[in-house]
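Open the model in your viewer and colour it by secondary structure. The stops below are given in the order in which to select them.

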Amino acid sequence: MDFEAVTKYSKLHAKPPGLSLQYGTAGFRTKAENLNHTMFRMGLLAVLRSKQTKSTIGVMVTASHNPEGDNGVKLIDPLGEMLAPAWEEHANHLANAEEQELHHVLADICQKEAVNLQVDAFIVVGRDTRPSSKKLSQSVIDGVSALGGQYHDYGLVTTPQLHYMVCCRNTHGDYGTATVEGYYQKLSKAFVELIKQATSQRDGHMCLKVDCANGIGALKLKEMQRFLPPCFVMHLDNDGAKGQLNHLCGADFVKVHQKPPVGLEMKPGERCCSFDGDADRIVYYHTDAAGHFHLLDGDKIATLISTFLKELLVKAGQTLTFAVVQTAYANGSSTRYLEETMKVPVYCAKTGVKHLHHKAQEFDIGVYFEANGHGTVLFSKAAEKKIRCQAKEEKDIEKREAAKMLENTIDLINQTIGDAISDMLVIEVILALKNFTISQWDAMYTDLPNRQLKVKVADRRVIDTTDAERKAVTPLGLQEEIDNLVKKFKSARSFVRPSGTEDVVRVYAEADTQENTDKLAHEVSLVVYHLAGGVGEPPKPVAS
């Protein structure tokens, strides 16, 4: 290892003394001005990971739905998946090491992971549209160069596009062509093939309003439009021409505030959706004739997609294992609809996409979405092979057509990660094939009213959970109190979990009415405040 080169470069990317960062599901995130050293060091780490896996590794510079002044970085593993947990720990040690410790930490990683420094390394880099991203991505490249790694800078790409590129490069083209145009071509070809089946059912154009959060999604949708059929008309709002990234717009804003983004005019019955800043989340929404706002979040999306896939599997006569993976935040109505009406198995995983992704891999077909709109569908290699084989060789015409539709659906889905563009196209195709309006989709089931609150505590670590974060183990007596409160309300459910980044406890509640939901959330918050070391004023009742 060329420690001299590392030292020389590192001085140009010095760590602010005492600064400590934590690698989470979304990588490192903080104010952009504090990330120079972290970006450089993640370039170093990506080279070591590439050498260890003998694969291309990705580095994405983005803070997703965070404010424009923030930024972040995450590494992408060989098949486009999240960084392995052991390497998250290495990322923490490397990012937080003081300058004089840097060589020791790098040597320690090499020793623990048996990194062969003679192996070539190749890194792909991408960035979002934040003003700070170009300079910070150069810091990543400096880190790659310091350890002699080769790289390709994709420049401005969505986060899911970079995940796609990594997978394409490491599967030698089997997954697709590792270019942005290759991504557009793969998805649009599958979209066109599927939409052909719907032309007799649709009258006129498919129209969709898209809130692009003033982010990278607008740029990439504009590029992709020429690949899509004329029948699909997109109206792009918050396209970056004016307004700040994620400010009063985007998927996170719409989900949290339960209202449309600024800058998007809605008429009753119009189909609208919002991306987040790096285009890996999507939520849909509409207003009814009375002007009421209706949100169709990740739960609604998972239900629509899984219903479609289940119907195709039945038509094709395929007996593949199939399941939906949710988190504790999934609305109880969606879980009941899937289990009781659609007869689809539902599993609960810990919050965080990496946990859902891992669980979904246990099935031939696994659908996973967080309520925030981040999710995708995974097909096992065996399932893909069976479906593609049936699409070519099946003698029964109806079964073969169903298998062909499944095959095109596989190609339309970005299996590496939740992808707003891919998910949008899947949803639009399903609605066209079913001849559904957004109101009909929304009416598949009715969400239970829900409320999320935060309680400030002295130390969030006093809360420990089990059962995919649905039950509190500590402090003693807390879960018993929550259970007793839940019994007071109809169709009620509540759980608490510690924040991953700050000393607060997150409270979730749902019940038959919004009034009961708010009462339950407030009473659970008070219990948390008294039993888990609440600080400041006790939680106040929820304002109606």
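Start with residues 272–275, strand β8, and residues 282–287, strand β9: the two pair in the antiparallel sense over four bridges. Show Cys273 and, in β9, Tyr284, which stands opposite Cys273. Keep in mind while looking that this is a predicted model.

Next, add helix α15, residues 420–434, which packs on the sheet. Its contacts are with β6 (206–211), β7, β8 and β9. Viewed against β9, the direction of helix α15 makes an angle of about 45° with that of the strand.

Now widen the selection to the whole sheet. Five strands make up this open sheet, in the order β7-β6-β8-β9-β10, and the pairing is mixed. Which strands are at the edges? They are β7 (232–237) and β10 (293–296), each of which pairs on one side only. On average, neighbouring strands here are turned by 30° against each other, with direction ignored.

Move to the other five-stranded open sheet, whose order is β1-β3-β2-β4-β5, again with mixed pairing. Select β1 (28–31) and β5 (150–156) to see its edge strands, each paired on one side only. The average turn between neighbouring strands of this sheet is 15°, direction ignored. Then pick out strand β4, residues 122–127, beside β5: these two pair in the parallel sense over six bridges. Within this pair, Gly126 stands opposite Gly155 in β5.

For the next stop, select the range from an annotation. An unreviewed UniProt entry lists residues 178–283 and 297–436 for "domain: Phosphoacetylglucosamine mutase AMG1". Take residues 297–436: over this range the chain is 58% helix and 13% strand. The C-alpha atoms at its two ends are 17 Å apart.

Finish at the second largest pocket, which holds about 400 Å³ of space. To find it, select Leu79, Gln361, Phe379, Lys381 and Gln415, which are the closest to its centre of the 17 residues in the lining. Which elements give two or more residues to that lining? Helix α12 (353–360), strand β14 (375–379) and helix α13 (381–393) do. Colour the lining by class and it divides into seven nonpolar, seven polar and three charged residues.

Definitions and conventions: Residues numbered from 1 in each chain as written. Predicted model: local features only at pLDDT ≥ 70, side-chain atom pairs only at ≥ 80, totals over all residues. Heavy atoms only, no water. 1 Å grid on protein atoms, 1.4 Å probe; cavity = no way out; pocket = protein on both sides within 12 Å on 5 of 7 lines; lining within 4 Å. Points joined across faces, edges and corners; volume = space filled by probe spheres on them. Nonpolar A, V, L, I, M, F, W, Y, C, P; charged D, E, K, R; others polar. UniProt positions renumbered as here; feature names shortened; annotations may be inferred. Pairing = 2+ DSSP bridges. Axes fitted to C-alpha atoms, helices over the stretch in contact; angles between N-to-C directions. Contact = heavy atoms within 4.5 Å.
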